[in-house]
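Morning, everyone. Please bring up the structure on your screens. I'll go through helix packing, then sheets, then internal space.

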Amino acid sequence: MPKLTLTPRHRYLARFHPKRVPHMFADVLILGAGIAGVRAALEVDPSLRVVVVTKDRIDLSNSAWAQGGIAGVLDPSDRIEDHAADTISTGAGLCDEAIVSAVVEAAPQLIRELESYGAIFDQIDGHIALTMEGGHSHPRVAHALGDATGKEVMRALINTIRGVETVEIWEQTFTIDLLTCEGACRGALVWNADHGKTFVWAKQTILATGGAGRLYRETTNPDIATADGHAAAFRAGAELRDMEMMQFHPTVLYIAGSSRHLISEAVRGEGAHLVDSTGHRFMGDYDERLELAPRDVVSRAITSRMEETRHPCVYLDLRHIDREKVSHRFPNIGQVCREFGLDLAHDLIPVRPGAHYMIGGLTIDDKGRTTLPGLWAAGEATSSGLHGANRLASNSLLEGLYFGRLCGLHASEDAVSVGDEYQILPLESAWEEAGAEDDELNLSDLQNSLSSIMWRNVGIRRDAQGLQQAARQVDFWDRYVSSREFDSVEGWELQNMLLTARLMIASADQRTESRGVHYRSDFPEMDADQAAHVSIVSADAE
């Protein structure tokens, strides 16, 4: 497919002058403290200074929210080849088979490595317990704390990283932009409430900023998932691809007026049924794999059933599963349900789909290198070739571990080769005065409006008319929001989300077929001639 170009309103979100901003120096700068960022930090040569920047607390990330587990071949009756085949089949023709093979082959070692860092996985008869999830042909998903795998894995990794003397962790610090000079990344401009703006000059920079789920009204993601890394990298000139590929999780707890809570894929893996408002178990009407069909299939089936029944949700039914098993296997989900007066083992649990995982992101090679020299990337902010057009359940933490380790290793090698000479570059960001004050805008209203139109027009189903309507509206909002200079995280997040929304809409409009998580109701069939990535880059970079 032809490469798309799009022009950001400004190269930098904030104006600055190097004589008026403090300067800090790192050998390796890591942006993001989820599983990819922390694992990268653990791989850096201990002789180097590492700075890890995270915009909230280090224990708050999409990784920490992950429920299901980590996929890997740990059962002797399972095969690496089958894990690869399941991944490729789910990826609908866009997986890089060499990347898939490398990642799934490394999976068992990476899971054992987590144990060495102190992660405690659930056990059966002295072995790691394994469960089924949608799209897998064999039970191979390792889990912890029943249904809080990410929380346990991140606990172990964070405890380990806190003991590394050469690693500094800057919490509550927002990355405004990547710094570039002569076509290479030189670090980042960051901000926190105590010090204001700071230049962090780095020999190598690793971007692991996570996803973009807050672009959608219905989402499983925490409030921090605002696509900051996607937008900053695009402004800096890095290539992004597959931005139309947002994965929607089929089962999000739906209680009107409350925040949304993920109901793990593993619930269906343990035998839960999906029924509609009439009590009919409907997945057999859509796919022979029933509730264990891939997420895109289940999400579309639920959406269709909601429309047919004119009901705002469907229901998970666990009443046929042993109560003790439900309680032991899903303690955290059970607790969330109890807060709303629901008994997970006894009641029908109302669910509907929500935005869950951003498959698209920075184009990276097999070592985690982006198209921008000096910049590496790992995790949900990337398009690595592992997921293709649809991510196989529980391959996300695995990807973060695999590419986080590689980024840390290779960025470290490059930083060592540079030597100890630092250079403060004469970078300056100056643009015309804003025509209006930023406090004239209701940022919450704008974000809610953006997430609503993305849900309606760029959600589980898309068509040309809806995409064009969304493009016009988002472009209008972006024009007047991005003409302003903000001095708050909320303002910068909104600017990042508007830019990323433009990238997603343009990419979705370009792909005139249905493939994986991208479903075009006006082009409902897969087109073999479009079995390629949609890449997009800043017109200024071109």
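**Helices, sheets and cavities**

Start with two helices, α6, residues 228-236, and α14, residues 489-510, which pack with their axes 8 Å apart at an angle of about 75 degrees. Angles of 65 to 115 degrees count as roughly perpendicular, so α6 is roughly perpendicular to α14. Keep in mind that this is a predicted model.

Who makes the contact? On the α6 side, we have Asp228, His230, Ala231, Phe234 and Arg235. On the α14 side, we have Glu493, Asn496, Leu499, Thr500 and Leu503. Sort the α6 and α14 contact residues by class, and you get four nonpolar, three polar and three charged.

Stay on α14 for a moment. It lies across three strands: β1, β13 and β22, the last being residues 535-538. Relative to β1, helix α14 runs at about 150 degrees.

That takes us to the sheets. One open sheet has five strands, ordered β1-β22-β13-β19-β21, and its pairing is mixed. Which strands sit at the edges? They are β1, residues 4-6, and β21, residues 382-383, and each of them pairs on one side only. Inside that order, β13, residues 240-241, pairs with β19, residues 361-363. The sense is antiparallel, over two bridges. For a concrete spot to click on, Arg241 stands opposite Gly361 in β19.

Now the other sheet on my list. This open sheet also has five strands, in the order β15-β14-β18-β17-β16, and here the pairing is antiparallel. Its edge strands are β15, at 261-262, and β16, at 273-275, each pairing on one side only. Look at β17, residues 314-317, beside β18, residues 349-358. These two run antiparallel, joined by three bridges. Within that pair, Leu316 has Ile349 of β18 as its bridge partner.

Next, the empty space. Rolling a probe the size of a water molecule over the atoms shows where empty space is left. How many cavities of 30 Å³ or more turn up across the whole structure? The search finds four.

Take the largest cavity, which holds about 90 Å³ of space. Its lining includes Pro8, Arg9, His10, Tyr12 and Leu13. Further along the chain, the lining takes in Arg235, Trp431, Asp478, Ser482, Arg484, Gln495 and Leu499. Two of those names should ring a bell: Arg235 of α6 and Leu499 of α14 were in the helix contact. By class, the lining of the largest cavity has five nonpolar, three polar and four charged residues.

The second largest cavity holds about 60 Å³. It is lined by Gln247, Phe248, Arg295, Asp296, Ser299, Arg300, Ile460 and Val517. Two elements give two or more residues to this lining: β14, residues 246-253, and α8, residues 295-309. Which one gives the largest share? Helix α8 does, with four residues. As for β14, we met that strand in the antiparallel sheet, between β15 and β18 in the order. The class split for the second largest cavity is three nonpolar, two polar and three charged.

That's my tour. Over to you for questions.

Terms used. Residues numbered from 1 in each chain as written. Predicted model: local features only at pLDDT ≥ 70, side-chain atom pairs only at ≥ 80, totals over all residues. Heavy atoms only, no water. Axes fitted to C-alpha atoms, helices over the stretch in contact; angles between N-to-C directions. Parallel < 35°, antiparallel > 145°, perpendicular 65-115°, else oblique. Contact = heavy atoms within 4.5 Å. Nonpolar A, V, L, I, M, F, W, Y, C, P; charged D, E, K, R; others polar. 1 Å grid on protein atoms, 1.4 Å probe; cavity = no way out; pocket = protein on both sides within 12 Å on 5 of 7 lines; lining within 4 Å. Points joined across faces, edges and corners; volume = space filled by probe spheres on them. Pairing = 2+ DSSP bridges.
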